Amino acid sequence: MTTPAPRPPKQEQLPASDQILEIAPGVLRTQLPISIPGLGHVNMYVLEDERGVAVVDPGLPDKNSYAMVKRRLQQVGVPLKNVHTVIVTHSHPDHFGGAYWLRADTGCDIVTHERFRVFWDPSEPDDIDLDDPLAVDGASARTPVRRPWDPTPWGGPSMNVPWRRRARMAVARRIPRMLHLPRPTVRLRDAQTFRFARREWVAVHTPGHTADHLCLFDPEHGLMLCGDHVLPTITPHISGLMRAHDPLKLFFDSLDKVAAFGPQVTKALPAHGDVFTDLGGRALEIKEHHVGRLQKLRDAAIAEGRPMTVMDMSTHLFSPRAQGGMADSETFAHLEHLRLAGEMDRLDRDGRYEYVLRD
Ligand SMILES: [Zn+2]
């Protein structure tokens with residue numbers, strides 16, 4: 001009997017490299033270590049200009065990670081005080097973590113998309129309005145923000161959050177500073193331009209992975225800072241828990257949106273993994289991956305011939321090792337997409353959803 005050879009790690013999973021790469025004039029790639037399942041590092045881009053530097057996605061919120069941010073700046077020969085801007089592509093901790101500390105030390109601007117919202121921070125402006133595709137029925141500024149351990153809408157097990165973290169988050173809801181959450185000083189709208197690194201960048205709002213995901217396009221040099229929206233060899237998590245009817249549709253639209261930049265983009269700068277060239281091709285590949293998953297769900301519904309829960313359906317998309325809350329959440333996003341496309345019906349069995357193909 002032979003054991004299968006272990007799968008080589010994906011480039012996004014490799015440990016942080018000490019190497020500094022020059023991607024384009026004035027644009028350096030450094031890497032910070034992160035400890036998140038499936039990810040080995042986050043790319044912190046450092047972009048130089050006459051005022052100093054802007055940094056993109058400065059790692060996790062802990063002190064060790066921030067020490068590494070400072071080490072990387074030292075390595076590239078930039079005094080800490082020269083950081084004038086932090087750009088945060090979206091509201092996940094491996095991207096916004098160092099922003100609070102950098103602002104505390106340097107007074108730098110924190111630039112995000114206008115919707116940037118760390119979900120447990122009630123002081124963030126509410127972004128829900130009614131003709132907004134990101135809004136859900138009846139949501140208003142007073143709709144409480146869902147906490148990670150709250151029951152799931154589909155009636156599956158809720159996330160297991162240790163009580164210490166719950167307690168910290170409960171306190172942080174009252175005093176957000178306690179968790180060192182960044183407060184954006186510049187909130188960009190879609191298509192707004194913003195100047196740093198000696199060129200104008202165009203904000204490209206790309207909801208899907210999160211509602212506030214921001215890519216930045218540099219038309220002069222053909223660069224696209226693409227955060228987690230388009231990664232070179234893995235696909236970003238699409239959560240069914242987003243406050244939107246159809247997060248997968250939003251993600252598809254955002255993939256089309258960046259693909260439309262097509263040949264104008266010569267280098268895509270992802271938040272994890274290596275710089276790549278064919279942004280349009282990769283966006284299409286990721287879309288096809290999800291289209292394939294939608295088909296797997298239709299096939300599963302036909303094969304089983306009975307209404308199925310999100311957890312049942314999830315076993316058709318994810319390996320046993322990957323099962324759990326995140327897998328269920330992504331399956332839920334796919335099932336809702338099929339339901340809203342008129343292909344499936346959703347039955348509510350005492351708070352537990354079941355899905356069945358529509359006749
Ligand atoms: Zn992310």
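The following legends describe an overview and four close-up views of a predicted model.

**Figure 1. Overall dimensions of the predicted protein.** The model contains eight helices and 15 strands. Its radius of gyration is 21 Å, close to the 21 Å that the globule rule gives for 359 residues, so the protein is as compact as a globular protein of that length. Along the principal axes, the C-alpha trace extends over about 65 × 50 × 50 Å. Buried positions account for 38% of the 359 residues. Of the contacts between residues at least 6 apart in sequence, 63% link residues at least 24 apart.

**Figure 2. The open five-stranded sheet.** The strands are arranged in the order β8-β9-β10-β11-β12, and their pairing is mixed. Strands β8 (193-196) and β12 occupy the edges; each has a single partner strand, so one side of each lacks a neighbour in the sheet. From one strand to the next, the twist averages 30 degrees. Strands of a sheet pair through backbone hydrogen bonds, in either the parallel or the antiparallel sense.

**Figure 3. Pairing on the two sides of strand β11.** Strand β11 comprises residues 223-227 and pairs with strand β12, residues 267-270, in the parallel sense through four bridges. Strand β10, residues 214-218, runs antiparallel to β11 and is joined to β11 by three bridges. Leucine 225 can be followed across both pairings: its bridge partner in β12 is leucine 269, and leucine 225 is also the bridge partner, in β11, of leucine 216.

**Figure 4. The β-α-β unit that includes strands β11 and β12.** Helix α5, formed by residues 247-259, combines with β11 and β12 in a right-handed β-α-β unit. The two strands of this unit are parallel to each other and share four bridges. Within the five-stranded sheet, β12 is an edge strand.

**Figure 5. Packing of helices α7 and α8.** Two packed helices are described by the distance between their axes and by the angle between those axes. Here, the axes of α7 (residues 310-317) and α8 (residues 325-340) come within 9 Å and cross at roughly 100 degrees. Angles of 65 to 115 degrees count as roughly perpendicular, and α7 and α8 are therefore roughly perpendicular to each other. On the α7 side, the residues that meet α8 are Val310, Met311, Met313, Ser314 and Leu317. Their counterparts in α8 are Ala327, Asp328, Thr331, Phe332 and Leu335.

Note on methods
Residues are numbered from 1 along each chain as its sequence is written. This is a predicted model: local features need pLDDT of at least 70, side-chain atom pairs count only at pLDDT 80 or more; totals for chains, interfaces and linings use all residues. Two strands pair if DSSP finds at least two bridges between them. A crossover is right-handed if, with the strands pointing away from the viewer, the path from the first strand over the helix to the second runs clockwise. The radius of gyration is taken over C-alpha atoms; the globule rule is 2.2 Å times the number of residues to the power 0.38. A residue is buried if 20 or more other C-beta atoms lie within 10 Å of its own, exposed if 12 or fewer, and partly exposed in between; C-beta atoms are placed from the backbone. Two residues are in contact if their C-beta atoms, placed from the backbone, lie within 7 Å. Axes are lines fitted to C-alpha atoms, for helices over the stretch in contact, and angles run from 0 to 180 degrees between N-to-C directions. Angles under 35 degrees count as roughly parallel, over 145 as roughly antiparallel, 65 to 115 as roughly perpendicular and the rest as oblique.
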